[in-house]
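Dear colleague,

Please find below the structure that I am handing over to you, together with its sequence. A summary of the findings on side-chain packing and aromatic contacts follows.

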Amino acid sequence: MAPRAGQPTLLPPGIAVCGDASSPLIRRAWPEPPHVYRSAFARDAARILHARAFRRLAGKTQVFTRLPADPPGDHLRTRLTHTLEVTQISRTLATALGLNAELAEALALAHDIGHPPFGHAGEKAVDRALRAYGLSFDHNLHALRIVTWFEERYPAFRGLNLTLAVREGIVKHSRDYPAGEYQELAEYFPGDFPPLEAQLIDLADEVAYLTADLDDGLASGILSVGEVRDALPSFRDLHDAALGAYPKAAPRLAIYEALRGLLNALVTDLAQEVRARVAELGAVTLADIRRAPARLVHLSAGMDATRAAAKEFLYARLYNSPEMEELHAYAERVVRELFAILMAEPALMPEDHQAQIPTEGLARTVADYIAGMTDAYIEQLWARHSGR
Ligand code: MG
């Protein structure tokens with residue numbers, strides 16, 4: 001069947017990560033026999049979906065640390081619903097390009113599993129607390145610790161015993177680690193770019209949260225449709241088209257139509273740009289992708305300007321708005337104070353966490369414990385131990 005206009009053509013088949021029994025990338029730390037009818041990456045996606053750390057994403061902030069009381073904010077994104085949206089976009093992109101959609105799904109499901117409570121404010125606060133001890137916090141490396149150690153679901157081993165491709169993608173989906181920087185990452189092809197299935201996740205994440213945060217920002221009343229139109233000409237054009245086509249539609253339906261159009265345009269552009277960059281490089285194997293001069297998952301210059309404008313607008317008007325700054329200050333205080341309390345009194349931590357102290361050190365152990373908490377749980381512990 002000939003491709004339809006606008007339909008991205010598939011990439012050369014040698015570029016997709018192979019999940020067959022012969023592939024070195026399906027290696028697990030503890031060898032397991034293959035499943036009768038499920039691929040190694042489909043099993044990994046299921047293991048992540050069934051992990052306790054995955055379910056706790058439901059209680060972790062995406063953007064809105066406290067749901068506004070009026071109007072009720074139950075429909076605003078949590079880190080779990082954001083993760084599901086990233087998964088949908090990643091599967092769509094991988095399928096449209098002929099990549100391994102099961103691997104992309106597993107990586108998207110895991111992409112935020114290492115996130116501490118309270119969103120980026122919480123992440124910054126954990127990092128700042130660790131820096132006083134010469135350490136730092138990286139949510140990708142924390143995610144690797146979760147799937148290789150903290151999740152306990154199998155009598156035969158600790159962690160989820162995920163394939164090499166999934167562990168590599170968890171570490172490298174959003175940043176590159178130069179060879180030699182981290183001894184513990186020696187297994188994950190340091191210095192090489194990750195496969196396209198992993199590179200996709202970072203852009204799928206950005207495209208998902210930018211459009212979703214415009215939606216939630218408008219729904220919460222912090223953003224007005226007029227200022228979104230002024231800041232983003234591509235949104236304004238789509239919104240005008242929706243208002244023209246459906247003059248009697250409720251205002252929020254015209255907004256949804258415009259946001260849906262924007263998301264579709266971004267995802268379609270991404271697929272076409274990846275195809276163009278791979279073709280330009282002449283890449284036909286996974287090794288070509290790993291040793292390319294740069295990552296190959298990008299938006300076109302025009303769409304990247306739209307992405308950058310949306311991001312700049314959201315930082316100025318939503319993420320760093322006075323309403324949010326108040327919540328960030330509160331989150332930072334809760335993390336900072338609980339960190340200090342646990343450093344002074346490690347016996348307040350559960351025994352399995354205390355058992356990590358001799359090998360990991362006290363500061364890393366406290367950070368690991370805090371990073372695993374939901375927003376509600378850290379508030380509860382902070383209130384109990386700080387006597388508030
Ligand atoms: Mg994310």
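In this predicted model, the largest nonpolar core comprises 90 residues, of which Ile48, Leu99, Val166, Leu196, Leu214, Val278 and Leu318 touch the most other members. Helix H8 (residues 196-220) supplies the largest share of this core, namely 12 residues. As for Leu99, leaving aside residues up to four places away in sequence, its contacts are Leu11, Ile15, Ala16, Ala94, Leu196, Glu197 and Leu200. There is also a second, separate core of 25 residues, with Val334, Phe339, Met349 and Tyr369 among its members.

Turning to the aromatic residues, a search of the whole structure yields seven aromatic pairs. One of them joins Phe118 and Tyr330 in an edge-to-face arrangement, at 6.2 Å centre to centre and with 70° between the planes. This pair links distant parts of the chain, since its two residues are 212 residues apart: Phe118 belongs to the loop between helix H4 (101-110) and helix H5 (119-131), and Tyr330 to helix H14 (residues 322-344). Phe118 counts as buried because its relative accessible area is 2%, under the 20% limit. Tyr330, at 22% relative accessibility, is classed as partly exposed. Elsewhere, Trp30, Tyr154 and Phe157 form one aromatic cluster.

Two arginines are also placed over aromatic rings. Arg158 lies over the face of Trp149, 4.0 Å from the ring centre, and Arg290 lies over the face of Phe189, at 4.1 Å from the ring centre.

Yours sincerely

Methods
Residues are numbered from 1 along each chain as its sequence is written. This is a predicted model: local features need pLDDT of at least 70, side-chain atom pairs count only at pLDDT 80 or more; totals for chains, interfaces and linings use all residues. Side-chain values use heavy atoms; hydrogens and water are left out. Rings of Phe, Tyr and Trp (its six-membered ring) pair if their centres lie within 6.5 Å; planes under 30 degrees apart count as stacked, over 60 as edge-to-face and the rest as tilted. Helices (H or I, at least four residues) and strands (E, at least two) are DSSP runs, numbered from the N terminus. Buried means under 20% relative accessible area, exposed over 50%, partly exposed in between (1.4 Å probe, protein chains only). A charge sits over a ring if NZ of Lys or CZ of Arg is within 6 Å of the ring centre and within 35 degrees of the ring normal. A nonpolar core is a set of buried Ala, Val, Leu, Ile, Met, Phe, Trp, Tyr and Cys residues joined through side-chain atoms within 4.5 Å. Contact means heavy atoms within 4.5 Å.
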